[in-house]
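Please open the structure in your viewer and keep the selection tool at hand. This tour goes from stop to stop, and at each one it tells you what to select and what you will find there.

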Amino acid sequence: SLQQVAEIALRHGYQLNTHAIGDRANREVLDVYERVFAKHPDRTGLRWRIEHAQHIAAPDLPRFKQLGVIASMQGIHTVSDAPWIPSKLGPERAVAESYLFRSLWDAGVVLTNGTDTPVEAVNPIASFYGMVSRVTKDGSVFVPSQRLTRAEALRAYTLNNAYASFSERELGSLTPGKYADVVVLSKDIMTVPEAEIPTARVDYTIVGGVRFYERKEI
């Protein structure tokens, strides 16, 4: 059972990351984590995660913060999945429970962003765009009140991801002492008109201070 897996992970110092999409799935994972944490109150700073955390019932949202659970989400799902979510969950639950970027952020939850590749394309720009715009593939905007700012979305994709992997001292920001990992884009996604964000391309990358990749047509 997941409970047994969680006990074994804690005993051996593993970080547990559990996929949960629906509201009941998220609640049951949080229940498991809570029971294990309660049995071992001396173990802190575990940074256990829930992968996706797409649909969360209102009573369960503050539990992420209370338990120190990271919400490992993918902004691209607001682009690809959102158009059919109301027909599956009903319009009220779709609005109240789906892709709660803003609600989680404001609750002080560590929120990360990713691509969900190979289910989605590996290009991270699309997930960044999904978090800040929530413009779906049919052109509608899915619950705009749950948008993040560009600065918040950038942190979710950089420093928060580094934190989630216990790497914040080495990665996640351009800071003295960290690895010189840099991505140079063709457009400034922090300032261009929102609709232009998806058209940004990677011009080149620097990994550990060494130029690693260069787009041929810059």
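**The sheet**

Select Leu 185 and Val 202 to begin: Val 202, in β6, is the bridge partner of Leu 185. Before going further, please note that this is a predicted model, in which local features need pLDDT of at least 70 and side-chain atom pairs count only at pLDDT 80 or more, while totals for chains, interfaces and linings use all residues. Residues are numbered from 1 along each chain as its sequence is written, and side-chain values use heavy atoms, with hydrogens and water left out.

Now widen the selection to β5 and to strand β6 (residues 202–207), which pair in the antiparallel sense over four bridges. Strands here are DSSP runs of E with at least two residues, helices are runs of H or I with at least four residues, and both are numbered from the N terminus; two strands pair if DSSP finds at least two bridges between them. Adding β7 shows an open sheet of three strands in the order β5-β6-β7, with antiparallel pairing. β5 (182–185) and β7 (210–214) stand at the edges, and because each has a single partner strand, one side of each is left without a neighbour in the sheet. On average, neighbouring strands of this sheet are turned by 20 degrees against each other, direction ignored (the axes are lines fitted to C-alpha atoms, for helices over the stretch in contact, and angles run from 0 to 180 degrees between N-to-C directions).

**Helix α1**

Next, select helix α1 (residues 2–12), where the buried residues are Ala 6, Glu 7, Ala 9 and Leu 10. Buried means under 20% relative accessible area, exposed means over 50%, and partly exposed lies in between, with a 1.4 Å probe and protein chains only. Seen down the axis of α1, these buried residues fall within an arc of 165 degrees, so they line one face of the helix; the arc is that of the directions from the helix axis to the C-beta atoms. On the other side of α1 you will find Gln 4, Arg 11 and His 12, which are exposed. Show α2 as well, since the buried residues of α1 pack against α2. Just after α1, Gly 13 takes a positive phi of about 75 degrees.

**An aromatic cluster**

Which residues form one aromatic cluster? Select Tyr 33, Phe 37 and Trp 48, and you have the cluster on screen. A pair of aromatic rings is described by the distance of the centres and the angle of the planes. Rings of Phe, Tyr and Trp (its six-membered ring) pair if their centres lie within 6.5 Å, and planes under 30 degrees apart count as stacked, over 60 as edge-to-face and the rest as tilted.

The structure holds four aromatic pairs. One of them joins Tyr 33 and Trp 48 edge-to-face, at 5.1 Å centre to centre and with 70 degrees between the planes. This pair links distant parts of the chain, with Tyr 33 in helix α2 and Trp 48 in the loop between α2 and β2, 15 residues apart. Phe 37 and Trp 48 form a tilted pair, 5.2 Å centre to centre, with 55 degrees between the planes. Tyr 33 counts as buried at 0% relative accessibility, Trp 48 counts as buried at 1%, and Phe 37 is buried too, with a relative accessible area of 16%.

**Arg 47**

Move to Arg 47, found in the loop between α2 (23–39) and β2 (49–52). Is Arg 47 buried or exposed? Arg 47 is buried, with a relative accessible area of 15%. Its side chain and that of Glu 168 are joined by a polar contact of 3.0 Å, and a polar atom of the Arg 47 side chain lies 2.7 Å from the backbone oxygen of Tyr 163. A polar contact is a pair of N or O atoms within 3.5 Å; within protein, one must be able to donate a hydrogen and the other to accept it, and residues adjacent in sequence count only if both atoms are side-chain atoms.

**Backbone stops**

Most residues other than glycine have a negative phi, and most peptide bonds are trans. Select Tyr 99, a residue other than glycine whose phi is positive, near 50 degrees; Tyr 99 lies in the loop between α6 (91–97) and α7. Finally, select Thr 117 and Pro 118, which are joined by a cis peptide bond with omega about 10 degrees.

Methods. Contact = heavy atoms within 4.5 Å.
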